[in-house]
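This report describes the protein shown below, going from one helix to the core, a hairpin and the confidence of the model.

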Amino acid sequence: MFTRTALRSAFEMRWTPSVRPSLSFAPILPQRAGLHQAASSTGSSEIPPQKSPVSPLSATQRAQTSQPEHLPEHQVPSESGARFVPQQRHHIPPEKLPIQPTFSSPLKMTKSLVSTLPHLTTQSPHYVVAHLHARPYLLTAGDHLRLPFHMPKVKPGDVLRFNRASVIGSRDFTLKGAPYVDERMFECRVRVLGVDAEPMRIKEKTKRRQRHTQHIRSKHKYTLMRVMDVKVKSVEELIEEGAEIVKEGDPASATMESKA
């Protein structure tokens, strides 16, 4: 009986520690989660309590402001400095503008030409028969021109001016040159679009009593252009540029005709 009573009392006995162990893994936890535990109030005075941070950390990200950080004086961009201003599409760089021609003598116009030129200037649209390498091209504003050759030293975007024309006209009036109209009386500007190439052509060349056949490959390139503007200057603009009015007997640069 004593043995059974002793064993029963030993099994029913519970182990109660005098000091409750503190959680030693609290400082190891990441601080971003903002988890911190204080020491238990039931512990003994031998273990010092953990110090809580002044401001608890949170897992949420801080909102970023649009204000830039303070930079040194040598790195702060100056407001007075020149900044690049994007230009519009119709803006033409100065290096791509055509060179203004120079003349030794002023333009001479007869009185009949002065009296009939306003009719041609006010009636639009205008057309021009421009000559390039002894070939005439009938052009008007908005036309696409494909030259039968590759024009050297030009790039896409360049603005060219055709200054040699034999005829300038509208629906009812025509201005003819002898042989060409003075380039100070009109403006015909074109823009280079690019270069086009034809399909590859292979030509076979043979000679008599020879078994050898020669294959010649050719692939020509052509320059594409678009007519931007065809303009006939008014009498006021010509006089401001230095044109002179002469008598009918003096030779003139052009003659005005009206269509029947």
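In helix α2 of this predicted model, the buried residues are Leu113, Val114, Leu117, Leu120 and Thr121. Viewed along the axis of α2, these buried residues lie within an arc of 120 degrees, so they line one face of the helix. Lys111 and Thr122, on the other side of α2, are exposed.

Helix α2 (111-122) is also one of the elements that give two or more residues to the largest nonpolar core. The others are the strands β2 (127-132), β3 (135-140), β6 (165-169), β8 (186-197) and β11 (221-232), together with helix α3 (235-240). This core has 31 residues, and Leu139, Phe162, Met185 and Met225 touch the most other members. In soluble globular proteins, nonpolar side chains tend to be buried together.

Which residues does Phe162 touch, not counting residues up to four places away in sequence? They are Ala130, Leu132, Leu139, Leu145, Phe186, Cys188, Val190 and Met225. Two of these partners, Leu139 and Met225, are themselves listed with Phe162 among the core residues that touch the most other members.

Outside that list of core elements, strands β9 (residues 201-206) and β10 (residues 213-218) run antiparallel and are joined by six bridges. Thr206 has Thr213 of β10 as its bridge partner. The two strands form a hairpin with six residues between them. Within the turn, Arg209 has a positive phi of about 55 degrees.

For the protein as a whole, the model has three helices and 13 strands. Of the 260 residues, 23% are buried. Among contacts with a separation of 6 or more, 72% are between residues 24 or more positions apart. The exposed area is about 21,300 Å², of which carbon and sulfur atoms supply 54%.

Confidence varies along the chain. The mean pLDDT is 76, and 59% of the residues reach 70 or more. Two segments in which pLDDT stays under 50 are tabulated here with their contacts beyond four places in sequence.

| Segment | pLDDT | Contacts beyond four places in sequence |
|---|---|---|
| Residues 33-45 | under 50 | ten contacts |
| Residues 71-76 | under 50 | one contact |

Where pLDDT is low, the predicted coordinates should not be read in detail. That caution applies to residues 33-45 and to residues 71-76, where pLDDT stays under 50.

Terms used
Residues numbered from 1 in each chain as written. Predicted model: local features only at pLDDT ≥ 70, side-chain atom pairs only at ≥ 80, totals over all residues. Heavy atoms only, no water. Core = buried A, V, L, I, M, F, W, Y, C linked by side-chain atoms within 4.5 Å. Buried < 20%, exposed > 50% of the residue type's maximum accessible area, 1.4 Å probe, protein only. Helix = DSSP H or I, 4+ residues; strand = E, 2+ residues; numbered from the N terminus. Contact = heavy atoms within 4.5 Å. Areas by Shrake-Rupley, 256 points an atom, 1.4 Å probe, with all protein chains shown as cover. Pairing = 2+ DSSP bridges. Arc of directions from axis to C-beta. pLDDT = per-residue confidence, 0-100.
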